[in-house]
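Visitor: I should like to learn how to read the contact between two domains and the pairing of aromatic rings. Please take me through an example.

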Amino acid sequence: MEKFIRHSGRVIPMNRANVDTDAIMPKQYLKCISRYGYGDWVFDSWRYLDPGDVDTPISQRRINPEFELNKPIYSSASVLLAQNNFGCGSSREHAVWGLRDYGIKVIIAPGFPDIFLNNCFANGLLPVRLEQQDVNRLFDLAESDHGLSITIDLDSQDLEFESQKINFKIDENSRQSLIKGYDSIEATLQQSKKIETFERRYFNQYSWLEVDLK
Amino acid sequence: MTKSLFDKIWDSHCVDTNENGTSLLYIDRHVVHEVTSAQAFEGLRAANRGPWRKGSILATPDHQVPTTQRNQGIAAISDGLARLQVKTLDENCNEHDILQFDLDDIRQGIVHVVGPEQGATLPGMTLVCGDSHTSTHGAFAALAQGIGTSEVEHVLATQCLIQKKPLSMRITVDGKLPSGSTAKDLILYIIGQVGMAGANGYVIEYAGTAIRELSMEGRMTVCNMSIEMGARAGFIGFDKTTESYLSGRPFAPRAALQQQALEHWLTLHSDKGASFDKEYIFNSDDITPHVTWGTSPEHVLPITGSVPTPSNLDETQRNQHERALEYMGLSAGMPLIGIPIDRVFVGSCTNGRIEDIRAVAALLDGKTIASTIKEAIVVPGSGLVKAQAEQEGLHEIILSAGFEWRHPGCSMCNAMNPDRLEAGERCASTSNRNFEGRQGTGGRTHLVSPVMAAAAAVSGHLTDARTLDQEE
């Protein structure tokens, strides 16, 4: 996974609470068996005025000019500013793949649901939780005529913008994993001996669980 | 030391905890379906890895499968990509010698119906599945968590989940549910009180006499919707009800092992005096039949209520509320009873079990659905639920009332298959999410219990199942 240490980008404000993963990546795109290629479909029902499916050519879709992502001022933005509980609902990692493939690197909100948080970390996206009042402050700036550019430093855990600074905290394990960009499976497999020892003791105690279903 | 049920399960599965307070949690059971597993298996292949313990995995296709016919197996899936996805699950299970109930197997069905039905979900277990409704299995005093595809791959490869211990919440509902109220009304009410982000970062233990009195099917309905409050998991302590449900299930322990297991299972409850990070106590008298009016499960009210007015809300909430009303085609102040319905869906991992189908058949007996209903379907949660219902003759009552009797799958709950709403259509649905577009782009969902769905089908509009006969 690509390392995440510091990122600067334009902010897209999406001022609605409880944006669910069905809205971020609608069901018809969950038929794909690849991990990549979801960028054109992120927020599909809000972003386009016509219905789409995997085989609908994007060039033929009708763009919804009212939707945040489609406004020229937010084009090529890479920091999504959202309200509470962004990414709730279904566990579909396709939602994060869509955001990642679109070019989102950081999501700022007052709170996130747990499965979505883990899906972000697993794909090198940084979810930043801020106090509601700080989020409101950022919304005011991002929704203003000139928009907002921001720098996120994961080393110091600071957001820097317009000569201001907000400190944020993320779980240390997740921070290390983003900074180092390591393969978490490889890291766990380095503890294979511990898992094997645990397993022996565990099945010794709970022998009825040592069942091979097949 | 006094421990909660959660502490007990967590401690017995903790392989290691590092200096950051993050643990490796051992996983007993991995349940797999077609939509969130292909990329995980592909990841294993690319890294030249295999499953750590293939015998811990149970797979079945459910999300994409058609419910109208089954005799052609995978070939009957009309959408080429969906067909490829189900075929990919088949191939991955064959390649790794994983137990799969495929489309031709009578045991196929919705993962969260099949696992418990087979006794593959056992008390004290940790269980994961790449699906947010995995919390269902918590009804068996298990720690059952929904995970993303990267975590599915991680569990396949290592049999562990990397996790910081979540906070714990206890929700106690004492008393007896009022007559006509069901487990679905109970959980809809709780979601309305706690809110859809109210349990982010928590696991929930459900307790109290109203919970204890529920059947295993009812408990599964309650635990199923824990995720609609953001909870990592929802569970209920072990008792006689759990024990009798499990007895004789194919993968449940037998004879001497059963005795040994039972000794452990009897410890699977929170000790007196155990502490929780947050507590809610509700009174069961308030839990009348409920229905959702908006686009979030927290947008819920008693059926006797009216669509609420967005006063006393902050700006973000008011915007969401107004947006929900616009999407749903409703206006503030409208009584919920009388809202006309186009389609009715009974099924899903929330309400696709035998008890749900019995409740629907009991209400429909001798009645027919309104002529204005475009389609009403009952989709059993598994092939075995379907067979059981047919053995009891329930399908005949359901068919003669004008419902369709389908083959098992997720169906119209997620609309990843041919069962879906058209734009603007309104559905009384026993599923779990009323998000925009959830049941089909532009579709409008009202979440209800199975009896309330059946009553809506008979009336042609949302109605109070308790007074349906007076209405006629």
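Guide: The turns below treat the domains of chain B and then the aromatic pairs. This is a predicted model, in which local features need pLDDT of at least 70, side-chain atom pairs count only at pLDDT 80 or more, and totals for chains, interfaces and linings use all residues. Residues are numbered from 1 along each chain as its sequence is written, chains are lettered from A and ligands numbered from 1 in the order in which they are written, and side-chain values use heavy atoms, without hydrogens and water.

Visitor: Which domains does the assignment give for chain B?

Guide: Domain bounds come from an automatic or database domain assignment. For chain B they are domain 1 (7-278) and domain 2 (291-471).

Visitor: How much area do domain 1 and domain 2 of chain B bury between them?

Guide: The size of an interface is often given as the accessible area lost when the parts come together. Here the two domains of chain B bury about 3300 Å² (1.4 Å probe, summed over both), with 61% of it on carbon and sulfur atoms.

Visitor: Which residues form the salt bridge between these domains?

Guide: A salt bridge requires a side-chain nitrogen of Lys or Arg within 4 Å of a carboxyl oxygen of Asp or Glu. Arg433(B) and Glu228(B) form one, with their closest N and O atoms 3.0 Å apart.

Visitor: How is an aromatic pair described?

Guide: A pair of aromatic rings is described by the distance of the centres and the angle of the planes. Rings of Phe, Tyr and Trp (its six-membered ring) pair if their centres lie within 6.5 Å; planes under 30 degrees apart are stacked, over 60 edge-to-face and the rest tilted. The whole structure has 22 aromatic pairs over all chains. Phe43(A) and Phe67(A) form a tilted pair, 5.7 Å centre to centre with 55° between the planes.
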